[in-house]
Amino acid sequence: QGLQPDLVTAVEFRDRTKCFSDIADLPATAALLPLTCHPSHFASNWAKLFWIADARAPIMRKLPSKVEHVSVPGGGTVTAMAMILAYTLGAKEILFVGQDLAYRDGKKYTDGHGAIVRPLPKKLVWVQGVDGGQVQTNHLFRDCIEQLGMYARIFAERGVVSFNIQSRGAQ
């Protein structure tokens with residue numbers, strides 16, 4: 001929708017290559033892909049592929065030559081890994097697209113968009129919304145918001161700014 005990202009992540013185990021059709025210049029875009037994503041995501045014409053895996057894994061010997069293994073810390077979220085990689089590659093601005101991380105009307109932000117729909121958690125918490133108000137989220141998303149906020153503050157001290165370009169959802 002008018003954006004030309006430098007880096008995208010695609011973690012769906014379903015074929016979501018149609019989501020890449022809005023990228024104006026796909027051959028100028030890099031991708032960060034985990035082992036668990038759909039194989040068609042690797043077939044897209046990326047400028048560069050970054051693979052999240054142990055370099056000693058047998059599958060690493062079978063990857064196309066344009067795939068580069070990069071050590072990205074795990075244990076967090078795909079968004080945090082992409083943020084760290086963008087910083088490592090020298091990005092000066094990091095835009096968050098699709099990181100709503102909130103519940104509205106009894107539904108998670110990803111419900112209806114191909115993600116697995118799970119029952120609403122029994123206990124939700126309130127967090128700061130991008131519009132200045134409060135939105136509901138779960139404990140896992142709240143921890144994710146805190147992690148991304150911590151990275152954003154650390155990167156800002158080093159001259160890298162982060163923007164959440166969502167019109168609604170969690171800050």
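The following exchange goes through the terms applied to this predicted model and the values behind them.

Me: What makes the model usable for local features, and how confident is the predictor?
Reply: Because the model is predicted, local features need pLDDT of at least 70 and side-chain atom pairs count only at pLDDT 80 or more, while totals for chains, interfaces and linings use all residues. Residues are numbered from 1 along each chain as its sequence is written, and side-chain values use heavy atoms, with hydrogens and water left out. pLDDT is the predictor's confidence in each residue, from 0 to 100. The protein averages 75, and 73% of the residues score at least 70.

Me: Which elements have the lowest and the highest mean pLDDT?
Reply: Strand E4 (residues 67-69) has the lowest, 55, and strand E8 (residues 125-128) the highest, 90. Helices (H or I, at least four residues) and strands (E, at least two) are DSSP runs, numbered from the N terminus. The protein has three helices and 10 strands, in the order β-β-α-β-β-α-β-β-β-β-β-α-β from the N terminus.

Me: Why are H2 and H3 called roughly parallel?
Reply: The axes of H2 (residues 78-88) and H3 (residues 139-156) cross at roughly 10 degrees and come within 10 Å. Axes are lines fitted to C-alpha atoms, for helices over the stretch in contact, and angles run from 0 to 180 degrees between N-to-C directions. Angles under 35 degrees count as roughly parallel, over 145 as roughly antiparallel, 65 to 115 as roughly perpendicular and the rest as oblique. H2 and H3 are therefore roughly parallel to each other.

Me: Which residues of H2 and H3 meet?
Reply: From H2 come Thr79, Ala80, Met83, Ile84 and Tyr87; from H3 come Gln147, Leu148, Tyr151, Ala152 and Phe155. Contact means heavy atoms within 4.5 Å. By class, this contact has eight nonpolar, two polar and no charged residues. Ala, Val, Leu, Ile, Met, Phe, Trp, Tyr, Cys and Pro count as nonpolar, Asp, Glu, Lys and Arg as charged, and the others, Gly among them, as polar.

Me: What makes H2 mostly covered?
Reply: Eight of the 11 residues in H2 are buried, namely Thr79, Ala80, Met81, Ala82, Met83, Ile84, Leu85 and Ala86. Buried means under 20% relative accessible area, exposed over 50%, and partly exposed in between (1.4 Å probe, protein chains only). In the protein, buried residues make up 39% of the 171 residues.

Me: How do you know that Arg142 forms a salt bridge with Asp143 and with Glu146?
Reply: A salt bridge is a side-chain nitrogen of Lys or Arg within 4 Å of a carboxyl oxygen of Asp or Glu. The closest N and O atoms are 3.6 Å apart for Arg142 and Asp143, and 3.9 Å apart for Arg142 and Glu146. Both pairs therefore meet the definition. The whole structure has two salt bridges, and Arg142, Asp143 and Glu146 are linked in a network. Arg142 and Glu146 are four residues apart in H3, so about one helical turn separates them.

Me: Are these three residues buried, exposed or partly exposed?
Reply: Relative accessible area is 28% for Arg142, 40% for Asp143 and 48% for Glu146, so each is partly exposed.

Me: What does His139 in H3 touch?
Reply: His139 touches Lys123 and Val125, not counting residues up to four places away in sequence. His139 and Val125 are 14 residues apart in sequence and 6.8 Å apart in space, C-alpha to C-alpha. At 32% relative accessibility, His139 is partly exposed.
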